[in-house]
Amino acid sequence: MCGIIGYVGDKQALPILLAGLRRMEYRGYDSAGVAFNGPFGVHVRKASGKIAKLEEELDGHEYEQTEGIAHTRWATHGPPSQLNAHPHTDAASTIALVHNGIIENYHSLRKALEKHGRTFSTDTDTEVLVCLIAEYYKDNLTEAVRLALSQVEGAYGIAVICEKEPGVMVAARNGSPLVIGHGDGENFVASDISAVLNYTKRVVFLDDGEIATVTRDSYKITNIDNASITPHVEEITYSLDQIEKGGYEHFMLKEIHEQAHTLRDAIRGRLNFEEGMPRLNGLNLQVDQLRTIDRIIISACGTSWHSGLIGEYMIEELARVPVEVEYASEFRYRSPIIPPNSVFIAMSQSGETADTLAAMREAKHSGATTLGIVNVVGSCIARETDGGVYTHSGPEIGVASTKAFTSQVMVLSMMSILLGRMRDLSSQQGMELIDYLQNIPDQVEQILQQDEHIKDIAEVYHKSNNFLYLGRGVNFPVALEGALKLKEISYIHAEGYPAAEMKHGPIALIDENMPVVVIALKDMVYDKVITGINQVKARGGRVIAIATEGDTEIASQADHVIYIPATYRLFTPLLSIIPLQLLAYHIAALRGCEIDQPRNLAKSVTVE
Ligand code: G6P
């Protein structure tokens, strides 16, 4: 989720690189840097913070070079700092590289390189990659990149320059987008076409496994096996604004649609099939510590609190460890009891929410081991907890959280399997559960294809003033989250309830003006949920059901049905929330609401 731009041509590179970075700042903004190739070799300048900080750092220096690479970072390994910012170089500063993505096997590569005498000055996976390229370099940069990448597992989009080959830039992609912009007497490489569109509309999108050798007058594409690829040149016709939002009307819609991808990132390198056990090294807990956890307290606010509730169901059932989920704002002021061997988990997209941070400090003070499940690398919670797991969902711009939520639930799913395996879950059961998780991103993709169907349902109900959301078991928190999404962005009053509680109050509200969204999946309480649907229908209510694919009964009970694929019962929230996010989005869009910045809300609440 970082931004890459590279330039080789006859103009001064610096203004072009900085303008490109500014265009991509929405993708990541915790540090930035540039590297030039020129008569004095490779020259790198970096700064921690937004791109303005890099501009300050460069101010007053003359940079005449006509080729360079630049990067704006959204940290995944190592906190945001000047040192960890890209570009990275080998120790001798002969090769510089910018990278998006995650190199999964960087630990083992680093160990092997250290044996060959290579030294490292940062914590990043990227420095390992540039050193590997330097290790292979003889006299051909493209060949060195190709050989290095054949050793790499993971996702990358990279641009590389080498002091011995001025005028040459090498770019490669696997899972992280990269495009070549083809100009007259100049060529560009970028992770995002918004960075090059001011200069050229002719572009070539690289495919996974492709490597491009780019000079000012030419570009040549090969694959990892060194076979030549014929480039497919496209002429871009859409606007810059459309591009930043990936062609979507709003960042929220883009982020909803990114979830298949972000969920893949959340599990990347973390699922160990052979042992049926997820690998969550950042927890910093030894096996005996994991085994002796007596209680888990999850504390959070807003959407993150909802994912914590889902975690409670998953951890208690799979690991049989008691879990308590607390609003952070309540936890800190109520003299909580924290028994020995308690683990406190602070759940936060931003890692900066004031109440969650304060609750975590309170727990730490009381002697609990503190963990963070956080999206923003290097944020306060990530720094101050004893360990944790990053969710890797990339920058979330829309105020209403979507992709950060599903990644949190995915991390909790992995954590519950891990804790289960430390107790009674067999390796066979672990393998089966991991297999379910592995399939989730594809299943999310399938659900997203129903966008138009969900929009049609939104058309019917967007003028309603009240909504009720019902779910049971692990899908009760999903009902809460579905209602919250609708409230946040459409300003419609919505409430989430455990389905069976409806008869103890909310049923009084039901009439033909009250749409009821029911998560009615094929599980052990399915029949009971159907009874609830009948009760709503008997009072003239309208029912939108989220149902399991293959359920032939539900269509005759509900007014509208959105089907989701089957998965392991405890993992269904990863799927059932997707239609609810889309429903809230389309209703808000039809009501003409400010979706990305809803009134009165803030993305990150850093005050009490
Ligand atoms: C704010 C946001 C919510 C978010 C909550 C917790 O209220 O508007 O979308 O869920 O903060 O944020 P965190 O960054 O701690 O997950």
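This is a walk through a predicted model, from a sheet and the helices packed on it to a few individual residues.

Let us begin with the sheet. Seven strands form an open sheet in the order E5-E6-E7-E8-E12-E13-E14, and their pairing is antiparallel. At the edges you will find strand E5 (88–89) and strand E14 (228–229), each of which pairs on one side only. If you go to the E14 edge, you can see how strand E13 (residues 219–223) is joined to E14: the two pair in the antiparallel sense over two bridges. A handy landmark here is Thr222, which stands opposite Ser228 in E14.

Two helices can now be added to this sheet. Helix H4 lies across E5, strand E6 (95–100) and strand E7 (156–162), and runs at about 140 degrees to E6. Helix H5 also packs on the sheet, where it touches E6, E7, strand E8 (169–174), strand E12 (210–214) and E13. The direction of H5 makes about 145 degrees with that of E7.

How do H4 and H5 cross each other? The axes of H4 (residues 125–136) and H5 (residues 141–149) come within 8 Å, and they cross at roughly 120 degrees. Angles of 65 to 115 degrees would count as roughly perpendicular and those over 145 as roughly antiparallel, so the two helices are oblique to each other. Their crossing is right-handed. On the H4 side, the contact is made by Leu129, Leu132, Ile133 and Tyr136, and on the H5 side by Leu141, Ala144, Val145, Leu147, Ala148 and Leu149. Sorted by class, this contact has 10 nonpolar residues, with no polar and no charged ones.

H4 has another helix to meet, namely H3 (residues 106–115). The axes of H3 and H4 come within 10 Å and cross at roughly 45 degrees, and that angle makes H3 oblique to H4. This crossing is left-handed, whereas the crossing of H4 and H5 is right-handed. From H3, the residues Tyr106, Leu109, Arg110 and Leu113 meet Asp125, Val128, Cys131, Leu132 and Glu135 in H4. Which classes of residue make up the contact of H3 with H4? There are six nonpolar and three charged residues, and no polar ones. Leu132 is worth a second look, since it appears in the contact with H3 and also in the contact with H5.

Next, some backbone details deserve a visit. Most residues other than glycine have a negative phi, and most peptide bonds are trans. Against that background, look at the peptide bond that joins His86 and Pro87: it is cis, with omega about 0 degrees. Pro87 is found in the loop between strand E4 (67–73) and E5. In the loop between E5 and E6 you will come to Ser93, whose phi is near 55 degrees, a positive value in a residue other than glycine. With 30% relative accessibility, Ser93 counts as partly exposed. His392 also has a positive phi, of about 55 degrees, although it is not a glycine. The place to look for His392 is the loop between strand E22 (387–390) and helix H14 (403–421). Is His392 buried or exposed? Its relative accessibility is 12%, and since buried means under 20%, His392 counts as buried.

Another buried residue is Asp265, at 15% relative accessibility. Asp265 is found in helix H8 (residues 259–267). The C-alpha atoms of Asp265 and Ser150 are separated by 20 Å, and the two residues are 115 apart along the chain.

The last stop is a pair of strands. Strand E26 (residues 542–548) and strand E27 pair in the parallel sense over five bridges, and within that pairing His560 in E27 is the bridge partner of Ile544. E27 (residues 560–564) is mostly covered, with four of its five residues buried. Arg542 is found in E26 and, at 30% relative accessibility, counts as partly exposed. Beyond its neighbours within four places in sequence, Arg542 is in contact with Tyr461, Glu512, Met514, Pro515, Val516, Val536, Asp559 and His560. His560 therefore has two roles to follow on screen: it is a contact of Arg542 within 4.5 Å and the bridge partner of Ile544. From Arg542 to Ile510, C-alpha to C-alpha, the distance is 8.9 Å, with their positions 32 residues apart in sequence.

Methods: Residues are numbered from 1 along each chain as its sequence is written. This is a predicted model: local features need pLDDT of at least 70, side-chain atom pairs count only at pLDDT 80 or more; totals for chains, interfaces and linings use all residues. Side-chain values use heavy atoms; hydrogens and water are left out. Axes are lines fitted to C-alpha atoms, for helices over the stretch in contact, and angles run from 0 to 180 degrees between N-to-C directions. Angles under 35 degrees count as roughly parallel, over 145 as roughly antiparallel, 65 to 115 as roughly perpendicular and the rest as oblique. A crossing is left-handed if the near helix is turned anticlockwise from the far one by less than a right angle, and right-handed if clockwise. Ala, Val, Leu, Ile, Met, Phe, Trp, Tyr, Cys and Pro count as nonpolar, Asp, Glu, Lys and Arg as charged, and the others, Gly among them, as polar. Two strands pair if DSSP finds at least two bridges between them. Buried means under 20% relative accessible area, exposed over 50%, partly exposed in between (1.4 Å probe, protein chains only).
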